[in-house]
Amino acid sequence: MRQFLVYVINETLIGRGDRIKAYSIAVEVFGRNPNFDIRNDPVVRIEAGRLRRALERHYLLGGSSDPVVIEIPKGGYVPRFHWRHELSGDRDHEAQPIPSGRREFGRSVAAWLNPWFVGSMAAMAAIIVVSLARAPTTSPPAPSTTMAAQPEGPSLVVKPFVNLSRDPEVDFYVAGIGEELLSQLARFKELTVFRRETPGTISPTASTEEIRQRLGGRYILEGGVRLFEGKLRVTSRVLDGETSAIIWSGAYDADPRTNNLVDIEATIAAKVATAVAQPYGIIFSAAPQPTRSAQSPEIYQCSYRFYRYRTVLDGNAHAQTRECLEQVTARYPDNATDWAMLSYIYLDEDRFQLNRRPGPPSPIERARQAAERAVRIDPENIRALQALMTVLYFSKQPTEALRIGARALQLNPNDTELLAEFGSRVAQAGEWSRGAALIEEALTRNAGHSDYYTGILALAAYMQGDDTRAADLIRRANLRQFALYHFVAALIFSRLGLQVETAHCRAEFLKLRPNFFDDFDGELDKRNFNARDRAILLRGAIQAGFPVRPSLTVETK
């Protein structure tokens, strides 16, 4: 992002603004191959959005007195420069444009492009580049203070953390953790985060009732920082905005003598954000309740239904979630997260054979259309990128799918739902050990995850020959209504010689998916199993007594 800013400013100042295109930025800043397809690589668009928000935040905070303001207008990447009227109190007129295009440079260099200006622009860019070293990668939306503009889903108001010590040094930690926490939370797009820089700054002593009346936030996050005998302790808690009840609290310790300030702030903020904002975290684990605010619960209800469905993967929950998401996307067509969730629901019609609708377009086509629409609406939406990754994977494009997944992890490495799904795709693509490690990390950081990922871990252990661990994991995965659970369990129990358990799981699977083995090869193919893994699964299915076609048996000999 810093290199992006330096590049566009330098090109503009030397009169080459007409060269600043997405292609040139991708090649010269992000190192893309000259033959790459700009239409299928959104890196410049994504990074430009991050840079615009970072500049906005810079001028709001540390750069509020900068004499020159730099902006990158939407629709292009050529920066514009403005003078700031230091004595003006009218923010609507405090900046006047300075020409930045090539033609303006050629006509008016003598008038205003003097050595002082070029030097000041270089200095300003350097200051901003340094400030971006700690700037948040995303910035939460600044909501209106009017109730008419309430978010449709769950919302969180973050109060300024309190210095619980008398030591002025703690103020640095209070400010840093607060800023880092806002950045981390804003990456979870299912949640609307109210930031501190709203009109009428929130006081650390503001009551729950006062915050609810002013902002209508459904949940409130508050905390304090204490330094005692050289040790730092950060406490935080989430309150229900309607009842003031504490629904979660956490405490985190750090030693400033052995860790630097930035690492402490980032680590603690990541832990709090993960606990609070994850799809299976504190907020989304509780069913939505009626509120006294004007906020509509529809989107919240659909999000809750979606993640509940992901924990059981049964037909009834699938049908209810699909109906909810189709209604809410029709009413709110610009909500990227709901389109991403709907993409998963459509995909599961095909890969899990749940409530499959007949006729065109096919489930996989509908899933891809929904995922691509979600990404178009918000290229930085993690759930949208996760959905596109998964759809591409089951569309037999594993390389591109994993590239998008890796990119999404760069945007939010603390999203454990994304981490677990990405690990699942890595594992099924043949890297079972690496994929399992990613899933285990996600489950360690967020114990509330779907049992689906525990089932993938069981399959990974089986594919690596660790049958004892595989059996332990599959027994822990509570997915008795999910057909593929019984298939994997039968493979594991069969290789361990557990005939009764194998027979039971075989019967359950064939009851739920009686036609699965009509095209067993196609089922393996859509999941991108390599030749080695296909052979293992085929031998396992035969050993478990499944009705595998004789032609496939011959192929493996």
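Biologist: Does N528 count as buried or exposed?
Modeller: In this predicted model, N528 is found in the loop between α21 (520–526) and α22 (531–543). Its relative accessibility is 16%, and the cut-off for burial is under 20% relative accessible area. Because 16% falls under that cut-off, N528 counts as buried.

Biologist: Which residues does N528 touch, not counting residues up to four places away in sequence?
Modeller: The residue in question sits in the loop between α21 and α22, and contact here means heavy atoms within 4.5 Å. With residues up to four places away in sequence not counted, the partners of N528 are Y393, K396, P398, Q428 and A429.

Biologist: How is the packing of helix α10 and helix α11 classed by angle?
Modeller: Two packed helices are described by the angle between their axes and the distance between the axes. Helix α10 (residues 315–331) and helix α11 (residues 336–351) have axes 10 Å apart and pack at an angle of about 140 degrees. Angles over 145 degrees would count as roughly antiparallel and those from 65 to 115 as roughly perpendicular. The angle of about 140 degrees is in neither range, and therefore α10 is, relative to α11, oblique.

Biologist: In the contact of α10 with α11, how many residues are nonpolar, polar and charged?
Modeller: α10 passes α11 in a left-handed crossing. The contact is made by H318, T321, R322, L325, E326, V328 and T329 of α10 together with D338, W339, M341, L342, I345, Y346, D348 and E349 of α11. By class, these residues of the α10 and α11 contact come to 7 nonpolar, 3 polar and 5 charged.

Biologist: Which hand does the crossing of α18 and α19 have?
Modeller: The axes of helix α18 (residues 467–476) and helix α19 (residues 483–495) come within 9 Å and cross at roughly 145 degrees. The crossing of α18 and α19 is left-handed.

Biologist: How many polar residues are in the contact of α18 with α19?
Modeller: From α18, the residues D467, A470, A471, I474 and R475 meet Y485, V488, A489, I492, F493 and R495 in α19. By class, this contact of α18 with α19 has 8 nonpolar and 3 charged residues, while the number of polar residues is given as no polar.

Biologist: What share of the residues of the protein counts as buried?
Modeller: The protein contains 23 helices and 9 strands, and its accessible surface comes to about 24600 Å², of which 52% belongs to carbon and sulfur atoms. Of the 557 residues of the protein, the share that counts as buried is 55%.

Note on methods:
Residues numbered from 1 in each chain as written. Predicted model: local features only at pLDDT ≥ 70, side-chain atom pairs only at ≥ 80, totals over all residues. Heavy atoms only, no water. Helix = DSSP H or I, 4+ residues; strand = E, 2+ residues; numbered from the N terminus. Buried < 20%, exposed > 50% of the residue type's maximum accessible area, 1.4 Å probe, protein only. Areas by Shrake-Rupley, 256 points an atom, 1.4 Å probe, with all protein chains shown as cover. Axes fitted to C-alpha atoms, helices over the stretch in contact; angles between N-to-C directions. Parallel < 35°, antiparallel > 145°, perpendicular 65-115°, else oblique. Left-handed = near helix turned anticlockwise from the far one by under 90°. Nonpolar A, V, L, I, M, F, W, Y, C, P; charged D, E, K, R; others polar.
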